[in-house]
Protein chains: 2
Amino acid sequence: MDDSVDTPLDRQIAAFRRFTRFYTRHLGVLREGLLDSPYPLTEARVLYELAQAPDLGAADLARRLGLDAGYLSRILRRFETDGLLAREPVPEDGRRATLRLTEAGRQEFAVLDAASRGQVRGLLARLPDAARRRLVAAMRTVEALLDRDAPAPWLIRPLGPGDGGWVVESHGRLYAQEYGWNAEFEALVAEIVAAFLRAHDPAREGGWIAERDGVPVGSVFVVRQDARTAKLRLLLVEPEARGLGIGRRLVEHAIGFARGAGYARMTLWTNDVLVAARRIYEAAGFVCTAREPHTSFGKDLISETWERALTPE
Amino acid sequence: MDDSVDTPLDRQIAAFRRFTRFYTRHLGVLREGLLDSPYPLTEARVLYELAQAPDLGAADLARRLGLDAGYLSRILRRFETDGLLAREPVPEDGRRATLRLTEAGRQEFAVLDAASRGQVRGLLARLPDAARRRLVAAMRTVEALLDRDAPAPWLIRPLGPGDGGWVVESHGRLYAQEYGWNAEFEALVAEIVAAFLRAHDPAREGGWIAERDGVPVGSVFVVRQDARTAKLRLLLVEPEARGLGIGRRLVEHAIGFARGAGYARMTLWTNDVLVAARRIYEAAGFVCTAREPHTSFGKDLISETWERALTPE
DNA sequence: CGGAGATACTTGCCCAAGTCAACGATCTGC
DNA sequence: GCAGATCGTTGACTTGGGCAAGTATCTCCG
């Protein structure tokens, strides 16, 4: 049924859609289990939100649940006439009214809530504890990765298990994709990383990962070139995480470390095609001191050496 | 709001329900994105099932999608009058008729399918590759745990850009996690991978990735030890993908390649703590020929050499 | 200050989505 | 050969929810 080339991304898309279909069906089943309740799904959701987050206005609620304002208005009126809901006008805004459950409303909700909780308990009880934990962790992961209206916070942390491999993987993947470099480059990165992992003086050398949502999105290394010169290496930021200033912060972090480690200057080696990195280096006070054509990674390139002094703070 | 004792199970239940609410909202958003399509959600789902699994009867379909038989009957009639659907009576059962999309139906579906796929692609494109992989893996985990009999298709493919790095990353991460090995091991793997990427004879050496849903879940390499001896290396299967026979198939694949490349025997090096791998090697006809204590990766270990003959097919 | 445009909420109108019950045709097991 | 299930259809009905117009209020900006 598929005539297109089947890339990993296509397979990821297929997996995503299969999950969506799966969960649609799953939600249908959950819903049926609660059929004896007098409230249809949407009303139950409204009740739930009202119980969880009091002092909402109707518009907030509609946005939160993705409901039509008109439809919601009717539901709320019904709740009100049934004595489940009270509205209080907001003094500072004549249009709005905060919604609050009455005691009766809270009781109705408690019944509903207990039923739903019992249903989920029944589901979870069928799983061994380790599986339950994995399930919950996986759900959290999906949620965190899909729900990113708020720009996810990120941090810089030292290298941990697997991170060296990630640096190799991301360099190999990205430089192949963006510049067409071949496996020779991935091999070079692997050698650099291997040498670093094999032996480095933590006082004078270091590697760091920029991480967002528990996922690596960038890297930078500082290694010793000679007693007075630090070398910056393996700076990378995933395309999807660019524009957040992560690259700049990584370089600043590296400079700070090198300064603290007592180096007098810092150098780095790059290629002229890497224009985004170039701007970061310039902004960080580096100056290009040498350019040299070479043939590597399956391409004709011009390598560049950049340098800057490190004066103690 | 909660007066009950808060056990881990309660928190798991709460997380489960939060995810369910989250995904309900998420589905609402996905649905809105496809509003311009002429088919409402349910009809689209029916179309989808028909395209995926041909030769269903109406009752099968209703069960699969959790739809009312009467409602479905009407939808199907509409499809039929629109020329999207053909019914064929089943000879051995006069009540049933198998449903099959016509050429026009398949085309309608293709349009719908492309739109949905494009929407998901847009969502995934916002994520860095590592995050995409984690997302898909997490979805797969949820699915597998909630629906024990969900089959998981996977395949074995040659190494591509970034895969060498993934091999380093997964080895470093897993052996640290499962056996507490230190960065020396990740360094060793990086060196092996670097040497392989740097130069290998494709006729006599190879590396492969087991991939599921576009996510790497396993690896195996064959390298030359001497003219007559192949060496199997870097066999690994992610914990989430174990128990599916992937390890066995990777070893079989490696043996098949080595045999085709003209080697007379195959050898491999492992450690006695890796009990799962041991069983795979035994089943594949390997015999342990030497054991030797050593101290590596921050642990006292016993290394093992295994061998088997390779007779031409 | 005043007017343009947003926002909060309501209402009427409408159709899509789904339920329920009854019905004929056919199959399966005893 | 009959009871009971299953497949599929139909008519009558309820519910869920989208859309657009309208009122009242607020906010921003010249």
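**How two protein chains meet DNA strands C and D**

A polar side-chain atom of A:R74 lies 2.8 Å from a base oxygen of DNA strand D, a polar contact being a pair of N or O atoms within 3.5 Å, where within protein one must be able to donate a hydrogen and the other to accept it, and residues adjacent in sequence count only if both atoms are side-chain atoms. This is a predicted model, in which local features need pLDDT of at least 70 and side-chain atom pairs count only at pLDDT 80 or more, while totals for chains, interfaces and linings use all residues. Residues are numbered from 1 along each chain as its sequence is written, chains are lettered from A in the order in which they are written, and side-chain values use heavy atoms, with hydrogens and water left out.

**DNA strand D**
- Around this strand stand 22 residues, of which A:P40, A:T42, A:Y71, A:G94 and B:R77 come nearest, and a residue is near a strand if one of its heavy atoms lies within 4 Å of it.
- The side chain of B:R95 places an N or O atom 2.6 Å from a base oxygen of DNA strand D, whereas B:A58 uses a backbone N or O atom, 3.1 Å from a phosphate oxygen.

**DNA strand C**
- Of the 23 residues around DNA strand C, those that come nearest are A:A59, A:R95, B:P40, B:T42 and B:G94.
- Sugar and phosphate make up 67% of the atoms of DNA strand C that come within 4 Å of the protein.
- A phosphate oxygen of DNA strand C lies 2.7 Å from a polar side-chain atom of B:T42, and a base oxygen lies 3.0 Å from a side-chain N or O atom of A:R74.
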